[in-house]
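Student: Please show me the model, and then we can go through some of its helices.

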Amino acid sequence: MKENVNTEELREAAREVRRQLEREQEELQERHEQLKGFMLALESTEEVLLENERLREEMVQLRSQWQEEKERNTRLEMQLNEMSKLSASVAGKASQDELLKALRVFVNKSKRKKMEKRIAVKEMVLELANANGLVLPSDLAASIDSLDDEQPQVEQPQAATGGVTENVAELLTAEAQVLWQRLRDARFIVADGYALAEGVSSNQAAYIADRMAERLQIRKKWKLFQQLWGIPNLAQLAGSWQQTGKLPPRSNDIDRIVK
C-alpha cells in the first residue's frame, strides 16, 4: 500500500513538473515571438533611417545644383545686360581701333560696379575679344584682368550744385556709412555714391532724410539733404505725410534700415 502511494505521488509530482515546464515553454515561445517582432521593427527602422539619409544627401546635392544653376543664370543675365550696353556703345563702328576704344571706356566705367558685375564684365569682354581675334593692348588687358580684385570707389557726397556741403562730415561718420551701405543694398541709393537710385521718389527721399537725421542727430537735416539730392521741398513733403499719416512706399523697409 505504501509503495502504491509513493508511486502515485511521484506520478503527480512528475505531472506537476511537466505542467510547469509546459508553462515555461509557452512563455519562452511568447517571448521569442515578441523579440522577433522587435527585431522586425528594428530592421524596418534602420531601413527608414538609411532611406532618410539617402534622401537627405540627395537633397543636399539638388540644392547645390540649384544654387550653381541660379548663380550661372545670374551671371549670364548680367553678362547679357552688360553686353547690350556695350553693343549700344559700339553700334555702327567697324574699325578695331574704335572697338578697342569703346572697350576701354566700358571697362573703366565697370570698375565702379559691384564685384559680381565686374566679374561678369571681365568674362564677357575676354570672350568677346577672343571671339573677334582682338589683340588687347597691355594696359587694357591689365585693367580687364584686375576687374575682379579692384574695389569700386564710392564718391563723396556732393551738393547738387557741385559744391561740397558744409555739414558733409555728418554724413561720413562710421555710423552714417553703415546706413548708406544698407540703403545701397536695398536699392534706395546708387551703388557707387550717395545719389538717389532710379525710381526713388522725392517723398521717399524726404522720409529717408528724416529717419537718417533722427538716427544721426543731424539738426539742419533739410538743408543738408536738399543740397545733396537737389530736391528743394523735402520739408514740405515730410509735413504732408506727417499730417496725413500716409507714409511713402517702402517706409517700413527704410525704418528697418535706419533703426
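The questions below concern helix burial, helix length and helix packing.

Tutor: This is a predicted model, in which local features need pLDDT of at least 70, side-chain atom pairs count only at pLDDT 80 or more, and totals for chains, interfaces and linings use all residues. Residues are numbered from 1 along each chain as its sequence is written, and side-chain values use heavy atoms, with hydrogens and water left out.

Student: Within what arc do the buried residues of H7 fall, seen down its axis?

Tutor: Helices here are DSSP runs (H or I, at least four residues), numbered from the N terminus. In H7, residues 221-229, those that are buried (under 20% relative accessible area, 1.4 Å probe, protein chains only) are Lys-221, Trp-222, Leu-224, Phe-225, Leu-228 and Trp-229. They line one face of the helix, because the arc that holds them is 165°.

Student: How many residues of the contact of H7 with H8 are nonpolar?

Tutor: Contact means heavy atoms within 4.5 Å. From H7, Trp-222, Phe-225, Gln-226 and Trp-229 meet Leu-234, Ala-235 and Ala-238 of H8. Of these residues, none is charged, one is polar and the nonpolar ones number six.

Student: What should the 17 residues of H3 span?

Tutor: H3 covers residues 115-131. The expected span is 1.5 Å times one less than the number of residues. The end C-alpha atoms are 24 Å apart, which agrees with the expected 24 Å.

Student: Which residue with positive phi follows H7?

Tutor: The phi in question is near 70°. The residue that follows H7 is Gly-230.

Notes: Buried < 20%, exposed > 50% of the residue type's maximum accessible area, 1.4 Å probe, protein only. Helix = DSSP H or I, 4+ residues; strand = E, 2+ residues; numbered from the N terminus. Arc of directions from axis to C-beta. Nonpolar A, V, L, I, M, F, W, Y, C, P; charged D, E, K, R; others polar.
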